[in-house]
Amino acid sequence: MKKPGSMKGLEDLGRVRLSKNFFFRDFLHSEIADFYRIPNIPDDPDLAVETGRRLCEELLEPLEATFGRLHIRSGYRSPAVNRFGNENKLNCSTNAATAAHHIWDMRDFDGCMGAAVCIAIPWMVDHYGDESDWQRLAWWIHDHLPYASLCFFPKLWAFNIQWHERPRRVIQSYVRPRGILTKPGMANWEDDHSEWYEGFPQLRN
């Protein structure tokens, strides 16, 4: 698929179905792109679709089936949009650091594919109220889904969840307690975490 060069081309890309419940258009919204009028269009649509499908099928579909509707905060970012966000201090890392993350159509330093999305789960917001309750969801995802990385943020406990062909399985947070929750080599990485998410719904696919 060529990079869309017209509204019709972008419309066609948006209609690409990534999984049972998600289409590419669901991930194209960007406040940076909208406000500063920068087209949020993949340079390599085929790679973006391939990585987006893995993200949706392996991570987002099980989350939505288990917890109900997901709220997508930030999905795909074009290299141009992400570069502008980084250069203007709009909470974007460099393109090199964001490749195979929010930039779905750019491979990382090692030539690997990946894709990430920032989401909030209304079910969590409705059922829990303490700032540190994000750990409940973090451990549930750790024990049930093949994520590559998770990063939690303060508002609505929104979090980045990444699919990657070589998953590192690292969890970090900007919410109390801040820092690295777990990563390979830490004592808690392989523990039994079920006490954290007692009362959560059973995994559904």
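E198 lies in the segment that follows β6 (179-182). In this predicted model, E198 is exposed, with a relative accessible area of 65%. That value lies over the 50% cut-off, so the residue counts as exposed. E198 also belongs to a negative surface patch. The other members of the patch are D143, E190, D191, D192 and E195.

Aromatic contacts were examined next. The count comes to 17 aromatic pairs. One of them joins F24 and W104. Their ring centres lie 5.7 Å apart, and the planes meet at 70°, an edge-to-face arrangement. F24 sits in the loop between α1 (7-14) and α2 (31-36). W104 sits in the loop between α5 (95-98) and β2 (114-120). The pair therefore ties together parts that are 80 residues apart in sequence. F24 has 0% relative accessibility and counts as buried. W104 is buried as well, with a relative accessible area of 1%.

W104 also pairs with Y76. Here the centres are 6.0 Å apart and the planes stand at 80°, so this pair is edge-to-face. Y76 is in the loop between β1 (71-74) and α4 (79-87), while W104 is in the loop between α5 and β2. The contact thus links distant parts of the chain, 28 residues apart. Y76 is buried, at 0% relative accessibility. W104 is therefore shared by two edge-to-face pairs, one with F24 and one with Y76.

An aromatic cluster was also found. F67, W123, Y128, W140, Y197 and F200 make up this one cluster.

Terms used. Residues are numbered from 1 along each chain as its sequence is written. This is a predicted model: local features need pLDDT of at least 70, side-chain atom pairs count only at pLDDT 80 or more; totals for chains, interfaces and linings use all residues. Side-chain values use heavy atoms; hydrogens and water are left out. Patches are made of residues with over 30% relative accessible area and no salt bridge: like charges are joined within 9 Å, nonpolar side chains (Val, Leu, Ile, Met, Phe, Trp, Tyr) within 5 Å. Accessible areas come from the Shrake-Rupley method with a 1.4 Å probe; for residues, only the protein chains shown count as cover. A salt bridge is a side-chain nitrogen of Lys or Arg within 4 Å of a carboxyl oxygen of Asp or Glu. Lys and Arg count as positive and Asp and Glu as negative; His and the chain ends are not counted. The place of a charge is taken as NZ of Lys, CZ of Arg, CG of Asp or CD of Glu. Helices (H or I, at least four residues) and strands (E, at least two) are DSSP runs, numbered from the N terminus. Buried means under 20% relative accessible area, exposed over 50%, partly exposed in between (1.4 Å probe, protein chains only). Rings of Phe, Tyr and Trp (its six-membered ring) pair if their centres lie within 6.5 Å; planes under 30 degrees apart count as stacked, over 60 as edge-to-face and the rest as tilted.
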